[in-house]
Number of protein chains: 2
Amino acid sequence: MKTTHHPAVAQLSLPTVLSALGDPVRLRIVRSLADGRELGWGELTVPVGKSTLSHHLKVLRAAGVTRTREEGTRCYVRLRLDDLEQRFPGLMAGVLPAVVAEAGEE
Amino acid sequence: MKTTHHPAVAQLSLPTVLSALGDPVRLRIVRSLADGRELGWGELTVPVGKSTLSHHLKVLRAAGVTRTREEGTRCYVRLRLDDLEQRFPGLMAGVLPAVVAEAGEE
DNA sequence: GACATTGTTCGATGTTCGTCGATCATAGAA
DNA sequence: TTCTATGATCGACGAACATCGAACAATGTC
């Protein structure tokens, strides 16, 4: 595919991370990944077209929230929980429960 | 001044809160308030004009992150920590340390 | 009443964002 | 090689956003 760029741990920016999380569609993606599992692209069920999904995954990736692994023609996504914990200790521990709890509200 | 509107606890939305926090200027405001103190409008030193500051405070207020109290011609701002804890337990406990830690990086 | 202070609102400008359909590049299958 | 499936990229659109200066409203002071 392409050289999917992932920022280094030291370069993760808090406004960028929070801004990436501040969108309903992306928050829904994060919720799907909240348990740490790696999911295939197609398993991310969001109510948008695939070009839009690709865009949102790019935003999450650029913010350092997710890591995309390519395997053949398909790719897999997971949260960068360890990296985020290293850069912003406790952040995701505070955010993820709220993200998961938000599931039953919509 | 005006009828400054504050959303009820049950109406706080996670994407809205995170989105409100996902801006450098607003994050700087939140950092000033991180210890729970109430600050006067003028004590919020951010590198923007006053109309822009007013706008950012409105965004934070509308998201339910801050509460504005008016007293005469001047007003005071503070975080709605209790309300946020009630609606999203642990969220601010995870976010605020990262916000404060971010202080020495810029 | 006249003036000063404080913060909001308005209008405008340039930028960024979310969304889509269409196209393209890559890797695997027939 | 040809076809197919997977995602990324492109171009475009309208909406939302950050910013500013100027004008405004409300309160306090002289």
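Which residue of S3(A) stands opposite A:Gly40? I looked this up first and found A:Tyr76 in that place.

**Entry 1: ground rules.** I am reading a predicted model, in which local features need pLDDT of at least 70 and side-chain atom pairs count only at pLDDT 80 or more, while totals for chains, interfaces and linings use all residues. I note that residues are numbered from 1 along each chain as its sequence is written, that chains are lettered from A and ligands numbered from 1 in the order in which they are written, and that side-chain values use heavy atoms, with hydrogens and water left out.

**Entry 2: the sheets.** I take helices (H or I, at least four residues) and strands (E, at least two) as DSSP runs numbered from the N terminus, and I let two strands pair if DSSP finds at least two bridges between them. In chain A I found an open sheet of three strands in the order S1-S3-S2, with antiparallel pairing. Strand S1 (39-40) and strand S2 (66-71) of chain A are at the edges with a single partner strand each, so one side of each has no neighbour in the sheet. S1(A) and S3(A) are paired over two bridges in the antiparallel sense.

In chain B I again read the order S1-S3-S2 for an open antiparallel sheet of three strands. There S1(B) is joined to strand S3 (residues 74-79) by two bridges, with B:Gly40 opposite B:Tyr76, whereas S2(B) and S3(B) run antiparallel and are joined by six bridges. I noted B:Cys75 as the bridge partner of B:Glu70, and in the hairpin of S2(B) and S3(B), with two residues between the strands, I found that B:Gly72 takes a positive phi near 70 degrees.

**Entry 3: the two copies.** I looked at how chain A is superposed on chain B (by least squares on the C-alpha atoms of residues with pLDDT of at least 70 in both), and a rotation of 180 degrees with 0.0 Å of shift along its axis does this with an RMSD of 0.0 Å. The two copies are thus related as by a two-fold rotation axis. Of the residues of chain A, A:Gly94 comes closest to that axis, its C-alpha lying at 2.1 Å.

Counting contact as heavy atoms within 4.5 Å, I found 19 residues of chain A in contact with 19 residues of chain B. The buried area (the accessible area, with a 1.4 Å probe, that two parts lose on being put together, summed over both) is about 1500 Å² between the chains, and carbon and sulfur atoms give 71% of this. On the side of chain A, the residues that lose the most area are A:Leu14, A:Pro15 and A:Leu18, together 32% of what that side buries. Because 100% of the interface residues of chain A are also interface residues in chain B, the copies meet through the same surface.

**Entry 4: DNA strand D.** With a residue counted as near if one of its heavy atoms lies within 4 Å, I found 24 residues around DNA strand D, the closest being A:Lys50, A:Ser54, A:Arg74, B:Gly49 and B:His56. Sugar and phosphate account for 59% of the atoms of DNA strand D within 4 Å of the protein.

For polar atoms, I looked at distances to phosphate oxygens of DNA strand D: a polar side-chain atom of A:Ser54 lies 2.7 Å from one, and a backbone N or O atom of B:Gly49 lies 2.8 Å from one. Among the elements of chain A and chain B, H3(A) gives the most to the surface near DNA strand D, with five residues.

Notes:
A polar contact is a pair of N or O atoms within 3.5 Å; within protein, one must be able to donate a hydrogen and the other to accept it, and residues adjacent in sequence count only if both atoms are side-chain atoms.
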